[in-house]
Amino acid sequence: HLSIRRQRQMCIRDSLMKFNLGILNTGVFLVLEKIVRMLSAFLTFSLVAKYYDTEVFGIYAYHMAIFSILVVIVSFGTDQIIVFKTSNNKNFKLINIFLVRVSTSILSILVLLILSLFGIVHSEYVSFLCVSLLLQSVLILLPYYQARLLYGKLSLFISFSVIMSGWIKFLIINNSGVDILPTLIVMDSIFISLTVILFFLLTFKNEKHAYLPSLYDIKKLFRDSAPLFFSAIAIVLYSRIDQLMINEFLGEKSVALYSSALKISELFTFILPIAVTLSMKFVASKGGDIKETVYLKLFKLMNIYSILSITLIISFGDTALHLLFGHEFIKAYDVLIVNSVSLFFIVIGSISNVWLIENNLQKYKIIRITIGLFINVILNFYLIPI
């Protein structure tokens, strides 16, 4: 009996070690991919700022902000649900979430067309935004493979596709005029979606449970994702609505200056989605009081990270603005300092999401973020004009 118990303990220990190594391996690939994506997006932003005048750059940044809002409608808060449910249920059906994504993609395109009718979106950007939004439905495979710790090879392929997309965007910026600038928005979506589809086709034999949709499961996905969607749309609104309101009150040049500061701040938030994804996978494997200890350690680590990030931004922000965007953008340094402080609160919100989802308390995300959005819009009306 003692020998059998020892064998069981060794099996459990080996399984935990393999699981933890799987999380570490997925985390490393996620970080590498995020770095490649971040650098590609940042270089594109920087090149547009340098090759075109401030007003054209402001229009581009304005439409990128609108695209960020519409992408949240497409995702409908399902990414975190996919990670959590796949971590706990190996037979989680992809077809259900795919049908949800297709319907939300169509919804986001309808919203885009309505915005274009009111002149909020420029006509030359509409078709490219529609294509990019439709392709977002394919990207459900990203959180799915991350949760199953099968993301290594896919991450390398995606990184390569982003590099290729970045090269083409560089050629477009360097050799084309303003009319072709809207194509930059769709490039990453095309390359990444094609890569994801190809990877799935090569591995679909191992994904038999991905088929046969269930109406009950689809309804449940909508119900579980709805609180996360409303909180996510509120988050992106109060992070992007500033650009929309600045455009309305002050014009495209001010949007350009504000967007440059925002882009540098976002360099330090790329790790947060990775931390949330891996935390969900890790927490799902734990039980009892161990989870509380894990949550406390996550909060401590991420708070240290946010303080270090704020220190770096304050110390070198003006230099970064000058080198990356040009001398004219140094005027955005004050905005950058104020905006950097928000990193501390963004970190707290991101990690607390893991705890809220684990305890099925997503509704509190809606409450706190709705209050934040309401305060932000009211203060914008007062503060932006002055």
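The exercises below, each with a worked solution, concern a predicted model of a protein chain.

**Exercise 1. The overall make-up**

State how many helices and strands the chain has, and what part of its residues is buried.

Solution. Begin with the elements: the chain holds 14 helices and zero strands. Next take burial: 49% of the 386 residues count as buried. Then turn to the surface, where about 19,500 Å² is exposed, with carbon and sulfur atoms supplying 70% of it. Last, look at contacts between residues at least 6 apart in sequence: 82% of them join residues at least 24 apart.

**Exercise 2. The nonpolar cores**

Find the helix that gives the largest share of the largest nonpolar core, and list the contacts of Leu181.

Solution. The largest nonpolar core has 51 residues. Helix H2 (residues 54–75) gives the largest share of this core, eleven residues. Among the residues with the most contacts inside the core are Val48, Tyr60, Tyr125 and Leu181. Leaving aside residues up to four places away in sequence, Leu181 touches Val48, Tyr52, Val56, Tyr60 and Tyr125. A second core, separate from this one, has 17 residues, including Ile97, Tyr144, Leu154 and Val196.

**Exercise 3. Helix H7**

Compare the span of helix H7 with the expected one, then name some of its buried residues.

Solution. Helix H7 covers residues 152–175, which is 24 residues. From its first C-alpha to its last, H7 reaches 35 Å, close to the 34 Å expected at 1.5 Å a residue. The buried residues of H7 include Leu154, Ile158, Ser161, Val162, Ser165 and Lys169. A general rule helps in reading such a list: an α-helix has 3.6 residues a turn, so residues three or four places apart point the same way. Leu154 of H7 also belongs to the second core.

**Exercise 4. Two residues compared**

Decide for Val347 and for Phe374 whether the residue is buried or exposed.

Solution. Start with Val347, which lies in helix H13 (residues 333–358). Its relative accessibility is 3%, and buried means under 20%, so Val347 counts as buried. The C-alpha atom of Val347 is separated by 8.2 Å from that of Thr269, 78 residues apart along the chain.

Now take Phe374, in helix H14 (residues 363–383). Its relative accessibility is 57%, and the cut-off for exposed is over 50%, so Phe374 counts as exposed. Phe374 is part of a nonpolar surface patch of about 1,100 Å², together with residues including Tyr364, Ile367, Ile371, Ile378 and Ile386.

Key: Residues numbered from 1 in each chain as written. Predicted model: local features only at pLDDT ≥ 70, side-chain atom pairs only at ≥ 80, totals over all residues. Heavy atoms only, no water. Patch = residues over 30% accessible without salt bridge, like charges linked within 9 Å, V, L, I, M, F, W, Y side chains within 5 Å. Areas by Shrake-Rupley, 256 points an atom, 1.4 Å probe, with all protein chains shown as cover. Salt bridge = Lys/Arg side-chain N within 4 Å of Asp/Glu carboxyl O. Helix = DSSP H or I, 4+ residues; strand = E, 2+ residues; numbered from the N terminus. Buried < 20%, exposed > 50% of the residue type's maximum accessible area, 1.4 Å probe, protein only. Expected span 1.5 Å × (residues − 1). Core = buried A, V, L, I, M, F, W, Y, C linked by side-chain atoms within 4.5 Å. Contact = heavy atoms within 4.5 Å.
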